[in-house]
Amino acid sequence: MLNESSNTGAAGFKAAPGATALLVIDELGDPAGGPLADVLLEPTLSTARLVDAAHEAGMPVIYANDAHIPGLDRELLLWGEHGIAGTPEAQVSPQITVLPGDHIIEKRRYSAFFQTGLRLLLDELGVRGLILCGFDTNICVKHTAADAYFNNFELMVVSDATGTFLVGDQAEGLAYMEKCYAAQIVDTAAALRFIEAGEQQ
């Protein structure tokens with residue numbers, strides 16, 4: 001009979017840095033000075049460090065950005081208007097450096113995989129592992145992690161480059177992804193060491 005003790009704790013990141021991409025989920029608009037600055041700014045700055053390191057190491061950087069259509073997207077009925085396609089609130093945060101070689105995936109649902117070109121892009125890039133950061137940990141990050149796991153990608157989630165402000169608890173969300181999606185939960189320093197190891201290969 002399955003119970004909590006049945007989980008073998010097999011979380012671990014088995015993809016090499018050269019087969020890994022950094023996936024930034026919904027780090028949009030300028031968090032500085034906004035009502036959620038206490039929750040969003042520090043994780044955004046941590047993500048900026050990861051992006052800079054990925055650029056230096058030649059690791060693909062992918063941004064999965066909300067691009068909602070008013071009057072069509074059901075998510076807007078739940079959370080109100082946000083991330084409307086073409087608005088500044090649907091653009092990558094200015095604290096993060098976006099380079100011409102980076103990839104932007106527009107999404108209209110929580111998961112970066114659902115009805116987008118992300119899976120095709122990852123296949124074309126030869127990616128087998130994903131480093132996830134972004135918002136909200138318990139919504140878009142978790143749903144993206146689920147689809148990544150279902151598609152057999154290795155997962156690393158950066159605890160201090162994610163944040164929760166809509167649903168649930170940060171620690172709970174991270175623990176869920178570790179237990180249910182075999183995600184390795186790391187901090188920014190550990191993720192940077194992994195990315196920089198790829199630069200040396």
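Me: How many bridges pair β1 and β4, and in which sense do the two strands run?
Reply: This is a predicted model. In it, isoleucine 25 has glycine 134 of β4 as its bridge partner. β1 and β4 pair in the parallel sense, over 6 bridges.

Me: On the β5 side, what is the bridge partner of phenylalanine 135?
Reply: β4 and β5 run parallel. They are joined by 6 bridges. In β5, phenylalanine 135 is partnered by glycine 163.

Me: How many residues of β4 are buried?
Reply: Take the two faces in turn. Gly129, Ile131, Cys133 and Phe135 point one way, and all are buried. Leu130, Leu132 and Gly134 point the other way and are buried too. The strand is largely enclosed by the rest of the structure, because its buried residues number 7 of the 7.

Me: Which strands stand at the edges of the sheet, and why is one side of each left without a neighbour?
Reply: The sheet is open, has 6 strands and is paired in parallel, in the order β3-β2-β1-β4-β5-β6. Neighbouring strands are turned by 25° against each other on average, direction ignored. Each edge strand has a single partner strand, so one of its sides has no neighbour in the sheet; the two are β3 (103-107) and β6 (184-186).

Me: What is the bridge partner of valine 158 in β6?
Reply: Valine 158 has its partner in β6. Strand β5 (residues 154-163) pairs with β6 in the parallel sense, over 3 bridges. The partner is valine 186.

Me: At about what angle does α1 run to β5?
Reply: α1 lies across several strands: β1 (20-25), β2 (61-66), β4 (129-135) and β5. Relative to β5, α1 runs at about 135°.

Me: Is asparagine 65 buried or exposed?
Reply: Asparagine 65 is found in strand β2. Leaving out residues up to four places away in sequence, it touches Asp26, Leu28, Ala90, Val92, Ile104, Ile105, Glu106 and Lys107. Buried means under 20% relative accessible area. Asparagine 65 has 5% relative accessibility, so it counts as buried.

Me: Which elements give two or more residues to the lining of the largest pocket?
Reply: The lining of the largest pocket has 25 residues, with Leu28, Leu36, Leu40, His82 and Phe165 nearest the centre. The elements that give two or more are α1 (37-57), α2 (75-79) and α4 (137-150).

Me: What is the volume of the largest pocket?
Reply: By class, the lining has 12 nonpolar, 6 polar and 7 charged residues. The volume of the largest pocket is about 640 Å³.

Technical notes. Residues numbered from 1 in each chain as written. Predicted model: local features only at pLDDT ≥ 70, side-chain atom pairs only at ≥ 80, totals over all residues. Heavy atoms only, no water. 1 Å grid on protein atoms, 1.4 Å probe; cavity = no way out; pocket = protein on both sides within 12 Å on 5 of 7 lines; lining within 4 Å. Points joined across faces, edges and corners; volume = space filled by probe spheres on them. Helix = DSSP H or I, 4+ residues; strand = E, 2+ residues; numbered from the N terminus. Nonpolar A, V, L, I, M, F, W, Y, C, P; charged D, E, K, R; others polar. Pairing = 2+ DSSP bridges. Axes fitted to C-alpha atoms, helices over the stretch in contact; angles between N-to-C directions. Contact = heavy atoms within 4.5 Å. Buried < 20%, exposed > 50% of the residue type's maximum accessible area, 1.4 Å probe, protein only.
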